[in-house]
Amino acid sequence: MYEPIRTKSVDPRIGGHRADYPRSSRSEALDIQLAGHLAALLTVTDDLGLDEAAARIAAEVARLRGAQPTRAPQQPGHDAEAAAALHHRAHDLAARALLVAASRADTTVAILAAERMDAHAAALDLVGAH
């Protein structure tokens, strides 16, 4: 019913050696993922105007990436609905960072992420949008 393949594969990985292609370790992949979640959290934190928290997050991103993160200028104040949406987003990003930090046993980032989750949950309780 099916005819066998008679030509060579065009995929260079087939028949190639594993060492021919760059690979990242699980630890490196988790570092990259964690830095990405923290960078996204930093952006939202900057949007909310939380300077002290943003500085702590930026320091962790710099530690993971080896360079200071690019930061956008702060936006002017937000209305309650927009602020609540930003706090929801920040809470979700902090939760993702916490999961990855726990996977790579990074206690410093895990504590920071848990603190950010608590702060954003408290802010959502204040605006009644939890």
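In the predicted model, helices H1 and H2 pack at an angle of about 155°, with their axes 9 Å apart. Because angles over 145 degrees count as roughly antiparallel, H1 and H2 are placed in that class, and their crossing is left-handed. On the side of H1, the residues that meet H2 are Asp 31, Leu 34, Ala 35, Gly 36, Leu 38, Ala 39, Leu 41, Leu 42, Thr 45 and Asp 46; the partners contributed by H2 are Ala 53, Ala 54, Ile 57, Ala 58, Glu 60, Val 61, Leu 64 and Arg 65. Sorted by class, the contact of H1 with H2 has twelve nonpolar, two polar and four charged residues.

A second packing partner of H1 is helix H3, and the axes of H1 and H3 come within 9 Å and cross at roughly 160°. This pair is therefore also described as roughly antiparallel, and the crossing of H1 and H3 is left-handed. From H1, the contact draws on Arg 26, Leu 30, Gln 33, Leu 34, His 37, Leu 38, Ala 40, Leu 41, Val 44, Asp 47 and Leu 48, which meet Ala 83, Leu 86, His 87, Arg 89, Ala 90, Leu 93, Ala 94, Arg 96, Ala 97, Val 100, Ala 101 and Ser 103 in H3. By class, 15 nonpolar, four polar and four charged residues make up the contact of H1 with H3. Leu 34, Leu 38 and Leu 41 are among the H1 residues that meet H2, and these residues are also listed among those that meet H3.

Helix H1 itself comprises the 23 residues 26-48. At 1.5 Å a residue, a helix of this number of residues should span 33 Å, and the end C-alpha atoms of H1 are 33 Å apart, so the expected and computed values agree. The buried residues of H1 are Leu 30, Leu 34, Ala 35, His 37, Leu 38, Ala 39, Leu 41, Leu 42, Val 44, Thr 45, Asp 46 and Leu 48. These buried residues pack against helix H2 (51-65), helix H3 (80-103) and helix H4 (107-127). After H1 comes Gly 49, whose phi is positive, near 75°.

Among the buried residues of H1, Asp 46 carries a charged side chain by class and lies within the helix. Its relative accessible area is 6%, and Asp 46 is therefore counted as buried, the cut-off being under 20%. When residues up to four places away in sequence are not counted, Asp 46 touches Ala 54, Arg 71, Ala 72 and Gln 74. Of these, Ala 54 is one of the H2 residues in the contact of H1 with H2.

At the other extreme of accessibility, Gly 128, in the segment after H4, has a relative accessibility of 65% and so counts as exposed, for which over 50% is required. The C-alpha atoms of Gly 128 and Ala 80 are separated by 10.0 Å, although the two residues are 48 residues apart along the chain.

Taken as a whole, the protein has four helices and zero strands, and its elements run α-α-α-α from the N terminus on. Buried residues make up 32% of the 130 residues. Among contacts between residues at least 6 apart in sequence, 66% join residues at least 24 apart.

Conventions. Residues are numbered from 1 along each chain as its sequence is written. This is a predicted model: local features need pLDDT of at least 70, side-chain atom pairs count only at pLDDT 80 or more; totals for chains, interfaces and linings use all residues. Side-chain values use heavy atoms; hydrogens and water are left out. Helices (H or I, at least four residues) and strands (E, at least two) are DSSP runs, numbered from the N terminus. The expected span of a helix is 1.5 Å times one less than its number of residues. Buried means under 20% relative accessible area, exposed over 50%, partly exposed in between (1.4 Å probe, protein chains only). Contact means heavy atoms within 4.5 Å. Axes are lines fitted to C-alpha atoms, for helices over the stretch in contact, and angles run from 0 to 180 degrees between N-to-C directions. Angles under 35 degrees count as roughly parallel, over 145 as roughly antiparallel, 65 to 115 as roughly perpendicular and the rest as oblique. A crossing is left-handed if the near helix is turned anticlockwise from the far one by less than a right angle, and right-handed if clockwise.
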